[in-house]
Amino acid sequence: MAQLDTRAKLAILADAAKYDASCASSGTVKRSSEGSKAIGSTEGMGICHAYAPDGRCISLLKILLTNSCIFDCHYCINRKSSNVRRARFSAQEVVQLTLAFYRRNYIEGLFLSSGIIRSPNYTMEQLVEVARSLREDHDFRGYIHLKTIPDADPELVAQAGLFADRVSINVELPTDRGLQRLAPEKSSERIAGAMGELKGAIEEGHDARKRFKSAPRFAPAGQSTQMIVGADSASDGEIVTRAAGLYDRFALRRVYYSAFSPIPDASAVLPLQRPPLMREHRLYQSDWLMRFYGFKPAEVVEAADASGMLPLDIDPKLAWALKARDQFPVDVNRAPKEALLRVPGLGTKAVKAILASRRWRALRLDDIGRLTVSVAKVRPFIVTVDWRPTALTDTIDLKTRVAPKVEQMELF
Ligand code: SF4
C-alpha cells in the first residue's frame, strides 16, 4: 500500500464509509464533561447535528479503519476484487483525528467500521483499541458507534460493548438467498449468532446496572443493523417481515435501510440501477408504523401490492387505510388510542393532543385541522361532533382525493 498522508487517507476512508447508513446517534445515555477535565458529551448545546442532502447523518466522524478487505461481497466497493485505492489508519491515527475533530466541534462522536484485514479477530482488536484508547487514555465521553464483525471472538465483541455506546452488526441483505448469492463468505447463522450474543451481553449489562450502580455500562444505545435494499430481489413485504423478526429476536434499537447504490467497477451480478430513494423512505415509514403506531408486520404487508411492494406515491399508513376501509371512520371523541394511531394524517403527537383535549370538550373538525398538516387527508377517516364523512370513506377515487399533491417527503 502506498504511503499516504492523513488527509489523503481521510478522503479515501471517509468516502468508503458513506455506504453505511446506520449512523444515527439516538438512544444513548446522557454523559457530560462539564466541570471536569474530560472531553466530549453525548447531549447538549454546542453539538451540531448535520444531515447530508440524502438524509444521512454527518455529525459523526464516520470512517473506516481500512477499506482493504479479504472478503469479496459483490455489493461492496471495498471487496477484495474491487479496483479502488486502498488506505489504512492505525488505531492511534483514528483516536487523534476524533479528538481533533471533536475539539473543533465538527462532530459529536465517532462511527467506525472496517474492512476485514488479516482475520476477523485482528480487525476487531483494532476497532476495540480505538474505542478503548478514546475512553481510557483520553477520557472521551462523546458518542462511539462501532461496527462489529460477526466472525470475531465474542470476547472481543463484548469488549467493544464496554467502550462503545452502540454496536452494530449488519445483516446486509434481507433474505438468506440474497446473502448466499451476494456475500457468499458471510453466513446468516453466524450473523444471527453474533447478534444473539450481543443481545445477551446488553441484557446482562442492564441487569448488572440494576443491582450495582458501579457495574460498567454495556452498549447503552443498544445494537442496530443495516439492510441493503434493492441489491437483490427481496420485496418490501420480505424486508418488513425480516426487520420485524430482527426487532423481536435481538431487541434491536434500529434497523436501517440503505438503498443500494451502484458502485464503480460493479460486479456483474448486481442491478445496474439503484432503487428509487422513495422506496427506502417508505420502508422507514413502515418501520415507524411497527415501532410507534402499533402495526403488526402482516398489516404493513397488507399495504403492499400483489408483488409485495409498497406504493411509492402514498405512505404505507394511507395505503393500508385505503385497503382496510371497514376500520373507518374513527370517532376522534371516543375511539381508543390504538384506533386513532391508525388514522392517516394523525401522528403520535396529534393523537396525544386529541386524547388530552377531548377530556375537556368534544372536538370539532377545526380542532383536528389545527393538529395536522392536511385536514383533507384526515377528513375521510374521522368523525367529529360537526363532521361525518358519510359515503366518502367508500368512494372509489378516495386515493386521488387524499394522496399528496406535492413531491416533498412527508412523515404520515
Ligand atoms: S466484509 Fe464488509 S468490507 Fe469486506 S467486502 Fe464484505 S461488506 Fe465489504
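This passage walks through a predicted model, going from the overall fold to helix packing, the ligand shell and a few backbone oddities.

Taken as a whole, the protein has 15 helices and eight strands. It runs to 412 residues, and 43% of them count as buried. Contacts reach well along the chain: among those between residues at least 6 apart in sequence, 68% join residues at least 24 apart.

Helix packing comes next. Two packed helices are described by the angle between their axes and the distance between the axes. For α3 (120-137) and α4 (154-163), the axes come within 9 Å and cross at roughly 20°. Angles under 35 degrees count as roughly parallel, so that is the label for α3 and α4. The crossing of this pair is left-handed. On the α3 side the contact is made by Asn121, Met124, Glu125, Leu127, Val128, Ala131, Arg132 and Arg135, and α4 answers with Leu156, Val157, Gln159, Ala160 and Phe163. Sorted by class, that contact holds eight nonpolar, two polar and three charged residues. A general point about helices helps when reading such lists: an α-helix has 3.6 residues a turn, so residues three or four places apart point the same way.

Helix α4 also meets α6 (residues 188-211), with axes that come within 10 Å and cross at roughly 45°. The two helices are therefore oblique to each other, and their crossing is right-handed. Here α4 contributes Pro154, Val157, Ala158 and Gly161, while α6 brings in Ala194, Glu197, Leu198, Ala201 and Ile202. The contact of α4 with α6 divides into seven nonpolar residues, one polar and one charged. Val157 of α4 turns up in the contact with α3 and again in the contact with α6.

Helix α10 (residues 316-323) is mostly covered, with seven of its eight residues buried. The buried ones are Pro316, Lys317, Leu318, Ala319, Trp320, Ala321 and Leu322, so a lysine sits on that list too. The cover over these residues includes α8 (277-292), α9 (297-302) and α15 (398-402). In the loop between α10 and β7 (330-331) lies Pro329, and the peptide bond joining Phe328 to Pro329 is cis, with omega at about 0°.

That cis bond is one of a few backbone features worth a look, given that most residues other than glycine have a negative phi, and most peptide bonds are trans. Arg118 has a positive phi, near 60°, without being a glycine. Its place is in the loop between β2 (109-113) and α3. Arg118 is exposed, because 11 other C-beta atoms lie within 10 Å and the cut-off for exposed is 12 or fewer. Glu172 also carries a positive phi, about 70°, and is not a glycine either. The loop holding Glu172 runs between β4 (166-168) and α5 (176-182). Is Glu172 buried or exposed? With 23 other C-beta atoms within 10 Å, Glu172 is buried, since 20 or more is what the term requires.

Now for the ligand. Around it sit Cys69, Phe71, Cys73, Cys76, Asn78, Arg79, Gly115, Ile116 and Ala183. Three cysteines are therefore part of the shell, and by class the shell has six nonpolar, two polar and one charged residues.

Ser68 belongs to the loop between β1 (60-64) and α2 (91-103). It has 20 C-beta neighbours inside 10 Å and so counts as buried; the cut-off for that is 20 or more. Leaving aside neighbours within four places in sequence, Ser68 is in contact with Arg86, Arg88, Gly115 and Ile117. One of these, Gly115, is also part of the ligand shell. The C-alpha atoms of Ser68 and Arg88 are separated by 7.5 Å, although the two residues are 20 apart along the chain.

Towards the start of the chain, Ala11 is placed in helix α1 (residues 6-17). It has 13 C-beta neighbours inside 10 Å, so Ala11 counts as partly exposed. Its C-alpha atom is 9.4 Å from that of Ile63, which is 52 residues away along the chain.

Notes
Residues are numbered from 1 along each chain as its sequence is written. This is a predicted model: local features need pLDDT of at least 70, side-chain atom pairs count only at pLDDT 80 or more; totals for chains, interfaces and linings use all residues. Helices (H or I, at least four residues) and strands (E, at least two) are DSSP runs, numbered from the N terminus. Two residues are in contact if their C-beta atoms, placed from the backbone, lie within 7 Å. A residue is near a molecule or strand if its C-beta atom, placed from the backbone, lies within 6 Å of it. Axes are lines fitted to C-alpha atoms, for helices over the stretch in contact, and angles run from 0 to 180 degrees between N-to-C directions. Angles under 35 degrees count as roughly parallel, over 145 as roughly antiparallel, 65 to 115 as roughly perpendicular and the rest as oblique. A crossing is left-handed if the near helix is turned anticlockwise from the far one by less than a right angle, and right-handed if clockwise.
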